[in-house]
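User: I've got this model open and I'd like to go through the labels people put on it. Mind showing me the reasoning behind each one?

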Amino acid sequence: MKRTEFEGVYTDGERLYTRNSAPGKAVYGERLVSVDEVQYREWVPTRSKLAAYLRSGGTFFPFRRATSVLYLGAASGTTASHIADIVVEGTVYCVEISPRSFRDLVPVCESRPNMVPFLADATKPQEYSFGVSGADVVYQDIAQRGQAQIFIKNFKAFSARSGLLVIKSRSEDVSQDPHRIYEESKRQLQSAGLQVREVVKLDPMEKDHAMIAVGSP
Ligand SMILES: C[S@@+](CC[C@H](N)C(=O)[O-])C[C@H]1O[C@@H](n2cnc3c(N)ncnc32)[C@H](O)[C@@H]1O
């Protein structure tokens with residue numbers, strides 16, 4: 001297993017992996033591979049948009065060992081758990097609105113001490129700000145209209161340094177050209193004073209999705 005240019009991300013030359021911080025436990029049926037008594041979890045790009053972003057040529061990767069991450073739209077913890085493997089001395093605050101997904105998220109958080117779950121609405125940071133002691137990075141993957149505005153609100157509320165925002169174009173407007181929607185989201189982020197680093201399309205792994213990276217590394 002070799003290190004990649006991204007801290008905490010490994011490769012066997014073909015697939016991506018993170019070091020499993022809950023050895024023996026898979027989160028979404030991913031392969032577990034042990035090398036020299038260290039266990040790694042395969043990071044599957046068709047299941048995780050952050051892995052798809054790296055596979056699509058994304059270069060902005062603000063996660064370090066001690067980074068605190070506010071994760072909006074954690075669902076059952078697929079991507080959040082890989083981030084938790086990377087930020088081993090930091091915390092991943094996981095916000096999820098759906099009680100059904102939250103039920104699956106809780107056991108994932110129980111086996112990883114640096115993941116903290118909140119059943120809350122990401123459009124209302126006051127619902128979880130009491131439990132978030134600082135967020136260096138905001139990661140957002142929420143399939144609802146107004147994705148850029150929700151991101152801006154949280155980025156400012158927690159005075160984050162950087163962030164990654166998934167834009168699902170069909171959640172903004174099914175009839176619009178996705179490229180225009182990415183441009184409009186970028187414009188909104190810039191008008192709010194955020195520095196856009198790159199916009200990376202995730203097709204074909206995630207059709208009509210892009211990742212927008214903002215802030216300082
Ligand atoms: C595409 S899924 C996220 C997948 C996840 N990020 C991953 O990679 O493992 C989007 C999630 O956002 C949640 N969501 C939608 N609107 C939300 C809101 N306002 N606040 C919090 N979560 C929300 C949905 O319930 C859903 O679980």
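User: What makes Cys 109 fall short of a bond with its closest cysteine sulfur?

Analyst: Distance. This is a predicted model, and in it the sulfur of Cys 109 sits 4.6 Å from the sulfur of Cys 94. A disulfide needs the two sulfur atoms within 2.5 Å, so 4.6 Å is too far for a bond.

User: And how do you know what the closest cysteine sulfur to Cys 94 is?

Analyst: The closest cysteine sulfur to that of Cys 94 belongs to Cys 109, at 4.6 Å. That is too far for a bond, so Cys 94 doesn't pair up either. Searching the whole structure gives zero disulfides.

User: Why is Cys 109 called buried?

Analyst: Buried means under 20% relative accessible area. Cys 109 has 6%, so the label fits.

User: Which label does Cys 94 get, buried or exposed?

Analyst: Cys 94 is at 0% relative accessibility, so it counts as buried too. Across the protein, buried residues make up 53% of the 217 residues.

User: Why is Val 27 called partly exposed?

Analyst: The partly exposed class lies between the buried cut-off of 20% and the exposed cut-off of 50%. Val 27 comes out at 24%, so it lands in that class. As for where it is, Val 27 belongs to the loop between β3 (16-19) and β4 (32-35).

User: What does Val 27 touch beyond residues up to four places away in sequence?

Analyst: With contact meaning heavy atoms within 4.5 Å, Val 27 touches Arg 41, Ser 76, Gly 77, Thr 78, Ser 81, Val 108 and Arg 112. Take Gly 77: Val 27 and Gly 77 are 50 residues apart along the chain, and their C-alpha atoms are separated by 7.5 Å.

User: How much of the contact count in the whole protein comes from residues 24 or more positions apart?

Analyst: Such pairs account for 57% of the contacts with a separation of 6 or more.

User: Why does the radius of gyration agree with a compact globule?

Analyst: For 217 residues, a compact globule would have a radius near 17 Å, and the protein has 16 Å, so the two agree. Along the principal axes, the C-alpha atoms fill a box of roughly 50 × 40 × 30 Å. The secondary structure inside comes to six helices and 12 strands.

User: How far apart are the mean positions of the positive and negative charges?

Analyst: They're 2 Å apart, taken over 28 positive and 26 negative charges.

Definitions and conventions: Residues are numbered from 1 along each chain as its sequence is written. This is a predicted model: local features need pLDDT of at least 70, side-chain atom pairs count only at pLDDT 80 or more; totals for chains, interfaces and linings use all residues. Side-chain values use heavy atoms; hydrogens and water are left out. Helices (H or I, at least four residues) and strands (E, at least two) are DSSP runs, numbered from the N terminus. The radius of gyration is taken over C-alpha atoms; the globule rule is 2.2 Å times the number of residues to the power 0.38. Buried means under 20% relative accessible area, exposed over 50%, partly exposed in between (1.4 Å probe, protein chains only). Lys and Arg count as positive and Asp and Glu as negative; His and the chain ends are not counted. The place of a charge is taken as NZ of Lys, CZ of Arg, CG of Asp or CD of Glu.
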